Structures are given as C-alpha cells and as structure tokens.
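Reader: I should like to learn how to read the packing of a protein chain from its coordinates. May we work through some features in turn?

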Amino acid sequence: MRILGIDVGKSKIKAVEIDTVFGRYEVHEYHERKLGEGDAQAAIQELLLSLPKKPDRVVTALPTSQTTFRNILLPTKDRKAIQAGLAFELEDELPFDSENLVYDAVTLSQSSAGTHLHVSSTLSARVEDHIKTYATYGIDPDLSTSEGWAFRSLFSRILSPDLQNQPVLCIHIGHEKTLIYVQWRGMPVVCREIRWGGTDLTLAICKRYGIPMDQAEKAKLDHGFVLPESQFAQASQEQKDFSICLMEPLQALIREIRQAELAAKASTNETIHRAYLSGGTSLLPGLIKRIGEDLKLTTQPLLSLTSLSHVGVTYSEQTDAEFALAAGIALSAVAGKNFPILNLRKGGLSKISENQGNSLAKFKGPLLSLSAVMTCFFFSLAFESVLYRNKITDVNTQLEKSIRNFFGSVSTSAMRNYLASPSSLKKQINSELGKNREMTRLLSPNTRSPIEFLRDLSTSIPKDMVVDVTQFQLGAAAINANPGKVPAFNPTEDHTVSVTVLVSSPQMLERVTALMDQKVASMSKTAPEDAASPFGGPKKLKVVYSGKTKEDAYGK
C-alpha cells in the first residue's frame, strides 16, 4: 500500500510517499512544489498528476493551533468502561459542548494501574473546514491526524530506546510559524504552535538595512547566518552587526522554547537535554548551534528521511529538514505494534467509500448464501433452545427436591425466590451451615479450656502436699478459685497463665515450683512473701507463677 502524506505550508507544498507491506515501510519518494500567491490548488493538482501511481491513502494533519490533546490514565482495561470514562473526562476538561466535539483516543500503554490514553480533539467545524479546503485542491483525505501525533509517529520510529525514555524536544521552524513538540516515553507531552518563522528574520533584515522584503529574503537565504556565542569574538564588526540583527527576533523564539521546557518538566519531572531542529529556517548557518548554546541543550538537525531509510539511503540536509512533518504525517497512517492510528475524521465526517453507492445486485449471490446459512443457524438455535429448556426444567426439579431436604418445610413463594435468585439461595445455605458449625463448636468438648488445665494441675499435686490456689488466670479470662464457678474460655485468645498459690513451707514451695515448671513454659515467679491463710491458721508463703502453658498442660 502506498501512503501519501501532505504538508501544505505558506511557501511550499511538501509530500512524502511511503510504501508499506505487512507492517514494514520504506520511503518511496518525496515531492515539493513552490507556492505563489493563491496558487495552492494548481500546485497540489500538478503534484498529484506527477505521481506515477495514485496513492492508496492520502493523509493530512490539522494545524496545532486548531487542536488540543490530553494524556489520560483510566483505572480500567475494559473497552466499554474506557469509552464511558473518556467521555466523562473530556466533558470536564474541554471548554465546549460535546455535540460540537470531534476526538480520537489511542492507547499508549496498559499496566496494572490501568490504561494510558492519548486523546486529540478539535471542533467539528474545524474538521469540516479542513476537508472543504482540501476539496478545493482536488483531495479527499482518507485520514486527518494532528501535527503532534505526526511527530510522535516519526520520533517513535527513529529514536533509540534510550532516547525514547528521556524527554526530547523538537523545534520545527517554518516560514511563518514554528511547532514546538516534546515527547517522553512515547507520549506527546507538549505541542505548541507559535506565530514565529523565517519571515520574522527576513523582516528584521528588511528593517535593519532598509531593503525590500524580497531582497531581504534573498540576502537571508544566500548570505544569512547567526553567530554562535563561541564564535562571536572572532567575527568582524559587520558580521556581528548582522548576527545581532537576527538575534533580536530569535530571542522571542528562545523565550517560547523555554516556556515549553518548563511545561514539559512540570509534566515529566525530568529536564530536557536534547533538541532536534527541522524546517527550512533551521538550515540558517549557526542557528542550531546558537539555540543550543542559549538553551544549554545538545542540539542537532533532525534527519527525518535518512533515519527512516532501511536500505541506507542518505538524503540532503535540506530534504531532511523540510520534509520532517510530511514524513510524520505519512507515517501516522502506518499501523503497527505501539503505533496506533489517530484519525480526527470520524463519524459523519469520515470519508465515504467510492464503492458505497454500488447496487445491491452485486452482492445477490453472497447474500443468498448468507441467508441460507442464517436460516440453518436459527433452526439450530430453536432446537437447542427446546433441549436446554427441558434440561433446565429437570435441574430445577432436582434442585427443588434438594432444597426441601436441606431446609425442611419451604413455602412456595420462598422456593420461587430461591430458584430465581441463586445468590440468595447460596447466602441462605451458607447462613444455615454457619449456624450448624457454631452449634457443633459449642457442644464439642474443649480440650484447651482453663478447667482442663486446673484439673490436670490438681491431679498432678501429690496427696501429701497442701497447696491453696487463691487466684488463677489463663488467657484473657480471669476468675477467683471459688467452688462451682466455671472459668471462661475464648479459643482465639492466647494461653498466657498466671497462678497464685499459698504453701506452708519453703520445701513445699520448691516441690510446687518443680511441678509448675513441667506445666508452664518460660515460667517466672515472684519472691515468696508472707500471707494470711484464707481458712485461718498460721501464715503461709505466697508465690505468683506466670508464663505460657505447654502442650501437655491440659492433660493427655
């Protein structure tokens, strides 16, 4: 397929032909026609007639001053959710009604965070005017993209992977306007059009030397230059005066570039270190180096067509500079992985195919075959519908029987609700099962209860030992050792134990300590202290043991 990208400037028409087959592409040819006063139509028609083969696709780009774009991250990968979220986002972002809006969104990347989109939009009236203008040239564009996306299509193919991850600046200087474009990680970040171009330099020469515009333009093209700061001291006074004459209007461009740098840094949190220059005015000797010195950037000419060639063709500096935008416009119609197509000619503004008006009789044979296939298909659907309906009836009967066996008596209305809403049935079954599990847990013996620990401790004390337990705590439940009171137990709590005992002698205390050491891990005890017996009589020794119960402390 042959694609023709057209860039209509103020003084020239540039066009680039690209051949593409199965995702591969190659620059076929480039064309240029100069424009006089009001002869764009004749120049374009002359260009089209000079083509040896009619292009399969013609691509144009709306001016940057007539479009806007947003990079939006939506937290979803679902297409329908993306469309709904995109419409909502644009409604808040754009200052005009959605009825007058034309936009196209392309996916830049997808990750766990969602889908990153690039959305370019404009007013439908501007697209209509764009189509009408090219119609006067005898062209009906198949695709109309944005200039920013055209440069994205170009840079994403010619930049190395390392440069792709850095913010990169492009300055495309035309006859009357300049396009400032910044790309970062395959995403357009800044795209601005300013009313500054080679004409501003010509006007400065005209005013400085008092010569007509045509002579000033000739002097600029034949003898014009800008002195880099590093060469200024070695130049003659006449050369310095001429350079200063051009530097005055050039400062306006540098200010705009600095503003674009700040905007890009605010979006990326990274500093631009490299800039590419293109456009006819960028060929002015010393201009690229002087802009690099003033902006403290590494600047170099954009080798657009040379970088796209897969067969080693090297184009002239002038060709590379002047055809950069036209090459990007053509590439924007070359689809591929990570190279989606952005088209602002959509909906009612889309191109009408030439074959759309053909008679239906042309498709009579295929339509008859299709109707026969569809008839068989619907008969098959009807048969399967009856078969599945019978199966569903059998399954519902079995399910109804199982529900009655599980719940016991179930009313007719409740049965209908269960069959109509499986989620309600599942919820009710889970609730009943939960109740049964809870009853089973409550009624089953608890081998880790505090009572088991006390019982095991009591049976472990020999009959010749008299030990009074005055306080006992296991886990978060604490009780006094009063007869008949059952200790509380919570299986989710820890088994930290604390036991307060009274014994009659130090020898008895040693035996109790040895016994507690068998039941309690990481055991600690308080110093013995005198305490009154709860049953009267002589004083006894009081000790508090604490730690965590061992596995066999509840009996075996």
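Reader: Which residues is Leu253 in contact with, leaving aside its neighbours within four places in sequence?

Author: In this predicted model, Leu253 is in contact with Ile173, Thr178, Ile194, Trp196 and Ile291, once its neighbours within four places in sequence are left aside. Leu253 also belongs to a wider set, the largest nonpolar core, which has 41 residues. Leu253 is among the residues with the most contacts inside that core, together with Leu169, Leu250, Ile257 and Ile291.

Reader: Which helices and strands each supply at least two residues of this core?

Author: The strands are strand 6 (101-111), strand 9 (168-173), strand 10 (178-184), strand 11 (187-194) and strand 12 (274-278). The helices are helix 6 (198-209), helix 8 (237-268) and helix 9 (287-295). Helix 8 gives the largest share, 10 residues. There is also a second, separate core of 36 residues, which includes Phe69, Tyr276, Leu325 and Ala326.

Reader: How should I read a single position, for example Leu179: is Leu179 buried or exposed?

Author: One compares its relative accessible area with a cut-off, and buried means under 20%. Leu179 has a relative accessible area of 5%, and is therefore buried. Leu179 is placed in strand 10. Beyond four places in sequence, the contacts of Leu179 include Thr64, Glu147, Phe151, Cys170 and Cys191. Leu179 and Ile194 are 15 residues apart in sequence, while their C-alpha atoms are 6.6 Å apart in space.

Reader: Where is Ser153, and which residues does Ser153 touch, not counting residues up to four places away in sequence?

Author: Ser153 is in helix 4, which covers residues 147-158. The residues touched by Ser153 on that count are Gly328, Leu331 and Ser332. Ser153 counts as buried because its relative accessibility is 4%.

Reader: Is Asp214 buried or exposed?

Author: The cut-off for exposed is over 50%. At 55% relative accessibility, Asp214 therefore counts as exposed. Asp214 is found in helix 7. Asp214 lies 12 residues along the chain from Thr202, and the C-alpha atoms of the two are separated by 8.6 Å.

Reader: What describes two packed helices?

Author: The description consists of the angle between their axes and the distance between the axes. Helix 6 and helix 7 (residues 213-223) serve as a case: they pack at an angle of about 110°, and their axes are 8 Å apart. Helix 6 is therefore roughly perpendicular to helix 7. Their crossing is right-handed.

Reader: Which residues of helix 6 and helix 7 meet?

Author: From helix 6 come Gly198, Thr199, Leu201, Thr202, Leu203, Ile205 and Cys206. From helix 7 come Met213, Ala216, Glu217 and Lys220. By class, this contact of helix 6 with helix 7 divides into six nonpolar, three polar and two charged residues.

Reader: At what angle do helix 16 and helix 17 cross?

Author: The axes of helix 16 (residues 450-460) and helix 17 (residues 506-519) cross at roughly 140° and come within 11 Å. Helix 16 is therefore oblique to helix 17. Helix 16 passes helix 17 in a right-handed crossing. The contact is made by Phe453, Asp456, Leu457 and Ser460 of helix 16 with Leu515, Met516 and Lys519 of helix 17. In this contact of helix 16 with helix 17, four residues are nonpolar, one is polar and two are charged.

Notes
Residues numbered from 1 in each chain as written. Predicted model: local features only at pLDDT ≥ 70, side-chain atom pairs only at ≥ 80, totals over all residues. Heavy atoms only, no water. Buried < 20%, exposed > 50% of the residue type's maximum accessible area, 1.4 Å probe, protein only. Contact = heavy atoms within 4.5 Å. Core = buried A, V, L, I, M, F, W, Y, C linked by side-chain atoms within 4.5 Å. Axes fitted to C-alpha atoms, helices over the stretch in contact; angles between N-to-C directions. Parallel < 35°, antiparallel > 145°, perpendicular 65-115°, else oblique. Left-handed = near helix turned anticlockwise from the far one by under 90°. Nonpolar A, V, L, I, M, F, W, Y, C, P; charged D, E, K, R; others polar.
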